[in-house]
Each structure stands twice: as C-alpha cells, then as structure tokens.
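Biologist: I would like to learn how to read a sheet and a helix in a model like this one. Could we take them in turn?

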Amino acid sequence: MTLHSFDQNMNPFIKERAHSIATDREYRDFHKEDNTYRMTVSGFFDYHPEVTLGKKDKILSHTCECHHHKESVCQHVGALLYVIRMRSFSYDEDDIEQAELKTMLMKHSKERLIEIITSLTRSDPGFAQTLRQKAGSKEERLEAFKDEVNASLELYLDKLSEDGPDDFSHLILYGVYETLEEVQRMKEVDFAFSLLVMLFEELLDFEVMGPGMTLSGDLYQEIFVVLEEMMPEVVALDPTLKRNAFDELISLIEQFDSLLLEKTGPRVLTMLAGLAVDETKDVFLDKLRQYETYAKTESESDDLEMARLTFLQRFESYEAVETFIEGHMDNPMIRFFAIQKAMMDEDYETAANLAKEGMQEPSRSSWDPENFELSLLAAEIQLENHAEIKRILRKRLLLGEDWAYDPYISLFEGYEQDVEREDILDRLKSSNETLPAFVSICFIEERYEDVMTFIEKHPQEITYLHGYFPEAYSSRIDACFHEAILDKAQMIKTEEDEDDLFEMVEAYQEVFEDHALKVIENIRNPRLKKRLKDRFELMF
C-alpha cells in the first residue's frame, strides 16, 4: 500500500470523512520527523494518527488510538495521508488530468513550449503571477504571494468604497487562505505571519483614514483566528525571527491601540505573551497594564487574565502558575485550561470535579457552559463511569440538542462492551437530532443492514446515502429510489420542490441508468411528468 493507492479500497464513508478532515483543515500540529508524519485531528476527542513512509512512498506503518483503527485505515490516518499528499509538491488532486497534459506537452519541442509560456505570460497577468509563485526563485515566489494578498485587499477596499458597508470578506479571505497555505508549505512561517500583520495594518488604517467606513468585526475575527492557529509554529521559530514577530505585533498594537482592542479584544495580548522573550517581557507587561485600564467588560478582563497566565507559564515557576490558576477559577477560560491540564496529566478525577464546579458557576455571555459538560463527559469516559455517561447523554438527547456527530461517535468508540454500544445506537436512533450520528456509526462499522432498514422507513434519505452501500444492496436501493421519487412527486408545490425531485432523478440515473426514465413514466401528474421528461432528455 502506498501514499497514492491507500484509498482505492477504503470504506467509502471513511474515505469521504478522511478527505473532509484534510480539506476542511480539521487538524493541527502537522509535523514530520525523518520519514514519520504526525498530526492531531481536532474533535470532541483529539486523535493522534501517525504514518511512516518508505521508498517510493510505501506505507511502512500507521497507528491511531481510535476504536476503528485495527488493520484497516481509519478516518484519522486517512486524513493524515491526504494531508501528506496535499502538502507534497509532487502531488495534485488532479493526478490523471495532469498526466494526460504532460503527455501532450511532451510532444512539443522545448523551444515551442517556451514560446507558448512566453505568449501566455504577456497576455495573461494572472498566468504570469502563478508562474512566479510556482517556478520562480524563493524570493520571487514570496514576493508574488505578497502581491496576491495585496491584490485581494485592494479589491476588497475598492468594493467597500464604491458600494458602501457590506460583507465582501470572501473577496479577501479566499485569496489570503490560499496564499498562506502555499507560504506555509515553503516553511516560511515568519513571512506568513508578517503577511497577516500587514493585512491587519492595512484594514485598520483604512478605517482611520478611509471615507467614514467601519469594517465588519467578523472579518477581523476570522483573520485573527488564522493568526492564532499559526502561533505554535511562530513560537517555535528561532529567537531572531521570533523577536521580529514580536516587534511587528507590538508595532501594530501601539499604532492602533484602542481600535485594535475594539476589533479583536485583549486576545492579542495572549499572542504577544507567547512571543515575548527575556529582552521584551517588560514591554509586554507595560502593554498588559495599559490594557487593564481599558478593560470595561467581564469578557475583556477574562481575556487579559489569560494573557497573564500565558506570560506566567513562560517566565515564572510552576508554583506561581498553580497559585494564579487557583486564584482565578471564577474565570471560565482559566478553569477550562485547568481541566485540560488535568486531562493531559491523566488526573481524570480532578478534571471531572473541576468541570462539575464550573457547571455550577454563574454563566457568562462570552462563555458557553456546555463546554464544561463536554469536559465532564470526556473525563467520565476515561473513568469508565457508565452511569454518569448515560445520565449526560440522556439529558442531552431529551433536550433535543445537536452536538454534531463527533461526540456521539467518539462516545460509541469509547465502549468495548457490545451491550453498551447497542444501547448508545438505540438512543441515537430514537431522536431526529442524532439520526445523522446513528447513520455515520453504522457506515463506519459496516452495519449496512441497520442503515438499509432505516432508509426503507425514510426513503427520502436514499439520495444522499446510496453511494456508501456495497453491491449486494443494489435491488433494495433501487426499490427505495423508486418509492422516494413517487412519494416526492405527490408533494410538489413549488419550483424548488420540483428541483429537489429532479435531483433525486439525477442521482437515480447515476446508479441505475435504465430505471430513471421508467420511474418518471409512473408519475401520475401529466404536466409534471412532461416537464421532468423534458429536463431528463435535455440532461441525459
């Protein structure tokens, strides 16, 4: 099994989930040591897949602590392998298309290829920019990426000036994220950090000097989150580059001061604390004291206490840190930090007690108390306190709250006993909010009969789930499609309903080419039948 073939025989549901984790960046701390790759997959529980590659990208070994990782590749290892692929300059998701293109290009002489590229460079500035990014020297490539960020920024500000306040953030963020991805692949973390600080500076400067425009706080927050995600890599830079990053950030803070505080809150101080070194720690403390005079809300005070805790962790003794934490347990972020620390130390009893106490504290607008209940659940699973686990799960199901799929799937994975696992599946199946988790678990566990039984009771779901079944279920999927289309045809009231119906017909056609037109013939409404047949013939 190799890096480029591992997914050929994967469970299709696990394959899709693994690819989604990789492309949606639901991971952190990706790193390589010799030929071994590791990362952390983020979720209700964090998982730490590991892969070792040999010559010609052969997979020598792969491990993960999740329940599903036995001999086969789980979604977490699969995600790591996809990330390795995407971060390799030799890989592109359009491998086949690129191979065909390469074959075609090889038919031309070197002189003819140069002539084609030169012509494209002169006529298409975008092509010239891409060429600089891909084929230029390191300095030329970095400069091209900087130009791209500036172009995205200029487009955003021009639109804002012309059309007034509106949400055009996608115009700038798409270009920024794509650029940062490329720069980080080049291991130029300090350059990527500088680009984001420059972006902040230009946006804030526009507000100060611009035509009375106020930019969306959400835009600042989204860019700030990218900065925060980058911080572990920035903190790991050599002292000179780290000092440069500190100077850039403190310059931004001093230049825009209260406006920056308004847009991002005091969280920027936590970032600054992570970059401080012995020569700059007094500068940080001065700025922290200054911000403490600005703080007006409970949330701002909480953020400043977190910044001080980050500073203490780096420059003070373990005892000083413990004393500070104990004295600030009323700050939910610091309590949550203490819970995470206890979990890392495998002191699950302390983690559970801290979480229970946090649930009794008065709620704050900036903090979701559900975080403490999630932490309590995580600790109780480690303690194998089945009664408490069931109590929490039952409470959430009765409240009809959707914790997304991962908590339920992780809870299911946490049990070895079949009786307990079946009990969880029964509970998930009993609530509309948690049905997606039930279906996900069944596909991961290859319990196709359970999902098929569910679909036969809810045939409308077949449009989205048919692709995950093995061939043996073909006739039953056919029957479900047929029933679902005829049922839907009786409920058409709007054009949107008709579009949904045709989407089902398209999906049916993809799987059973000779059946889709026959089911249209069975629709009773003659006008609807004619419109669908016309669309079908136009499409297929």
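Biologist: In this predicted model, which residue of strand 2 is the bridge partner of K32?

Modeller: The partner of K32 is Y37, in strand 2. Strand 2, residues 36–41, pairs with strand 1 in the antiparallel sense, and five bridges join the two.

Biologist: What is the order of the strands in the sheet, and how are they paired?

Modeller: The sheet is open and has four strands in the order 1-2-3-4, with antiparallel pairing. Strand 1 (27–33) and strand 4 (59–63) each have a single partner strand and stand at the edges, so one side of each is left without a neighbour in the sheet. From one strand to the next, the twist averages 15°.

Biologist: Which helix packs on the sheet, and what angle does its direction make with that of strand 2?

Modeller: Helix 2, residues 75–87, packs there and touches strand 1, strand 2, strand 3 (50–53) and strand 4, while its direction makes about 120° with that of strand 2.

Biologist: Now to a helix on its own: how should I read the positions of its buried residues, for instance in helix 12 (residues 281–294)?

Modeller: The general idea is that an α-helix has 3.6 residues a turn, so residues three or four places apart point the same way. In helix 12 the buried residues are F284, L285, K287, L288 and Y291. They cover an arc of only 165° around the axis, which puts them on the same side of helix 12.

Biologist: What do the buried residues of helix 12 pack against?

Modeller: Those residues pack against helix 10 (239–264), helix 11 (267–275) and helix 13 (298–315).

Note on methods. Residues numbered from 1 in each chain as written. Predicted model: local features only at pLDDT ≥ 70, side-chain atom pairs only at ≥ 80, totals over all residues. Heavy atoms only, no water. Pairing = 2+ DSSP bridges. Axes fitted to C-alpha atoms, helices over the stretch in contact; angles between N-to-C directions. Contact = heavy atoms within 4.5 Å. Buried < 20%, exposed > 50% of the residue type's maximum accessible area, 1.4 Å probe, protein only. Arc of directions from axis to C-beta.
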